[in-house]
Amino acid sequence: MDRDRTLELVRCGYPWAAALRQGKDAVPTRLLGRRAVVVGGPAGVRRFYDPRLRRRGAFPSAVKLVLFGPGTVHGLDDAEHQLRKALFLGVITPEAVVALGERAEREWAAAIDRWPGRERVVLFDEAVQVLAASVLPWAGVPVADGELPRRARQLATVLHGFAAPGPAYARAVVARLQVGHWAKGLVRGVRAGRLDPPPGTALHEAAHATDHEGRLLPERVAATALLNVVRPTVAVAWFVAFAGKALHEHPEWRERIAAGDDRAVDAFVHEVRRLYPFVPVLAARAREPQDVLGVRVPRGGLVVLDVHGTDHDPVHWPDPDRFDPERFLDAPVDPDTLVPQGGGDVVTGHRCPGEGVTLTMLAVAVRALAPLPDTMPPQDLGYDITRIPTRPRSGVVLTTGDRSPQPR
């Protein structure tokens with residue numbers, strides 16, 4: 001029997017699954033003390049979202065409770081999953097995403113207006129604040145004067161450390177407790193009548209959400225639902241930092257975007273999500289003994305989707321480590337080959353319902369940044385492929401000075 005490879009995953013990070021698969025659709029292994037199979041590519045994506053698999057118990061508790069929280073939709077199945085998923089789909093409607101994008105446009109404009117005269121601007125840090133300032137009011141969350149920077153930092157700390165052993169993980173645990181307590185207080189305030197967020201907002205819907213028997217969700221579960229709308233929006237800051245790196249390194253795309261080429265924006269955003277990693281793998285468990293693309297998996301065995309390897313598969317993405325948005329200009333995106341936020345159907349399956357939010361918020365940021373002068377001092381724009389989640393080491397530092405668009 002193959003040895004347990006959990007420590008290898010921790011040490012190797014994003015390339016681990018692809019190195020194990022070696023181009024195969026499925027390979028057997030052991031992970032977290034269980035028999036497992038690692039799948040990837042379009043066939044692996046389709047098999048991973050097969051109803052013979054379930055999500056409950058698939059994520060390690062140490063990761064799930066810090067990143068997602070208790071009672072999260074990510075660990076539910078069947079009717080319970082569909083009911084909770086409906087909550088998110090009811091909040092993240094196309095119209096609501098447009099409204100969120102408009103908020104973000106205003107927040108980026110205000111942030112950029114404050115940059116002149118500052119000694120330096122770290123794009124990642126700015127993105128965390130802008131995204132939090134956009135999503136919290138949109139979600140119906142009241143934020144007192146001076147509170148927003150603290151909540152934004154706490155949410156970013158959870159994301160920065162949830163999969164990083166050591167002090168970063170300890171800080172993530174503390175931050176998770178802090179935002180969990182805060183979110184429970186918001187839910188409690190709505191239910192007690194002290195807060196009155198507009199219907200349709202994340203806070204209103206989470207506070208009034210019920211289970212399959214019509215009972216209000218427990219406070220901590222409702223708080224988790226609220227945070228699972230807010231937190232992923234702040235996570236877009238990781239992609240924004242990579243987008244800043246790409247705009248600097250590919251000025252021809254910066255110019256196309258600054259000139260108002262919407263197709264270029266869409267292609268650029270897709271390529272940022274494809275090339276630069278956030279999620280390395282996803283996990284499910286077998287409901288009963290079964291064959292997974294030629295590998296026998298026992299009941300309760302793990303099925304692990306190679307997200308990073310699928311997005312870098314040379315069969316479907318020639319020269320996969322090269323930044324090339326042209327890939328997305330000639331053909332529609334195949335949902336089984338581009339899975340930075342998972343695959344499957346967003347309504348009936350486990351594909352992330354917030355993918356549209358990510359695309360919108362990243363596009364808004366790219367449009368705001370592209371017309372600015374490209375004034376980056378020397379810095380380390382590399383990133384550690386073994387660290388989850390990773391981002392450019394410098395955070396993408398911009399120099400201050402004249403922030404008006406360059407003449408054309």
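This section describes a central sheet, a pair of packed helices and several individual residues in a predicted model.

The sheet is open and consists of five strands, arranged in the order 1-2-8-5-3 with mixed pairing. Its edges are formed by strand 1 (26–31) and strand 3 (53–54), each of which pairs on one side only. Helix 3 (residues 41–48) packs on this sheet and touches strand 2, strand 3, strand 5 (281–286) and strand 8. The direction of helix 3 makes about 140 degrees with that of strand 8.

In the strand order, strand 8 stands between strand 2 and strand 5. With strand 2 (residues 34–39), strand 8 (residues 302–306) runs parallel, and four bridges join the two. Among the residues of strand 2, Val-37 has Val-303 as its bridge partner in strand 8, while Val-39 is partnered by Leu-305. With strand 5, by contrast, strand 8 runs antiparallel, and the two are joined by five bridges. One of the bridge pairs here consists of Ala-284 and Val-303 of strand 8. Val-303 is thus a bridge partner both of Val-37 and of Ala-284.

How many of the five residues of strand 8 are buried? Five of the five are buried, so strand 8 is largely enclosed by the rest of the structure. The two faces of the strand are both covered: Leu-302, Val-304 and Asp-306 are buried on one side, and Val-303 and Leu-305 are buried on the other.

Asp-306 of strand 8 may be considered in more detail. Its relative accessibility is 0%, and Asp-306 therefore counts as buried, the cut-off being under 20%. The side chain of Asp-306 reaches the backbone nitrogen of Ala-18 at 3.2 Å. A polar atom of the same side chain, that of Asp-306, lies 2.7 Å from the backbone nitrogen of Gly-309. When neighbours within four places in sequence are left aside, Asp-306 is in contact with Ala-17, Ala-18, Arg-21, Val-38, Val-39, Gly-40, Pro-280 and Val-281.

A second region of interest is a packed pair of helices. Two packed helices are described by the angle between their axes and the distance between the axes. For helix 13 (residues 262–275) and helix 15 (residues 355–369), the angle is about 120 degrees and the axes are 10 Å apart. Their crossing is right-handed. Helix 13 contributes Asp-262, Val-265, Phe-268, Val-269, His-270, Val-272 and Arg-273 to the contact. From helix 15, the contact involves Glu-355, Thr-358, Leu-359, Leu-362, Ala-363, Val-366 and Arg-367. The residues of this contact comprise eight nonpolar, two polar and four charged.

Residues of both helices are also touched by Ala-243, which lies in helix 11. Not counting residues up to four places away in sequence, Ala-243 touches Phe-268, Val-272, Leu-362 and Val-366. Phe-268 and Val-272 belong to the helix 13 side of the contact described above, and Leu-362 and Val-366 to the helix 15 side. Ala-243 has a relative accessibility of 1% and therefore counts as buried. The C-alpha atoms of Ala-243 and Ala-365 are 8.6 Å apart in space, although the residues are 122 apart in sequence.

Gly-214 occupies the loop between helix 10 (202–208) and helix 11 (219–249). With a relative accessible area of 49%, Gly-214 is partly exposed. Along the chain, Gly-214 and Ala-283 are 69 residues apart, and their C-alpha atoms are separated by 30 Å.

Certain details of the backbone remain to be reported. Most residues other than glycine have a negative phi, and most peptide bonds are trans. Leu-293, in the loop between strand 6 (290–292) and strand 7 (295–297), has a positive phi, near 50 degrees. Leu-293 counts as partly exposed, at 35% relative accessibility. A positive phi, near 70 degrees, is also found at Val-396, which lies in the loop between helix 15 and strand 9. Is Val-396 buried or exposed? Val-396 has a relative accessible area of 0% and is therefore buried. The loop between helix 15 and strand 9 (397–398) also holds Pro-389. The peptide bond from Ile-388 to Pro-389 is cis, with omega near -10 degrees.

Conventions
Residues numbered from 1 in each chain as written. Predicted model: local features only at pLDDT ≥ 70, side-chain atom pairs only at ≥ 80, totals over all residues. Heavy atoms only, no water. Pairing = 2+ DSSP bridges. Contact = heavy atoms within 4.5 Å. Axes fitted to C-alpha atoms, helices over the stretch in contact; angles between N-to-C directions. Left-handed = near helix turned anticlockwise from the far one by under 90°. Nonpolar A, V, L, I, M, F, W, Y, C, P; charged D, E, K, R; others polar. Buried < 20%, exposed > 50% of the residue type's maximum accessible area, 1.4 Å probe, protein only. Polar contact = N/O pair within 3.5 Å; in protein donor to acceptor, adjacent residues only side chain to side chain.
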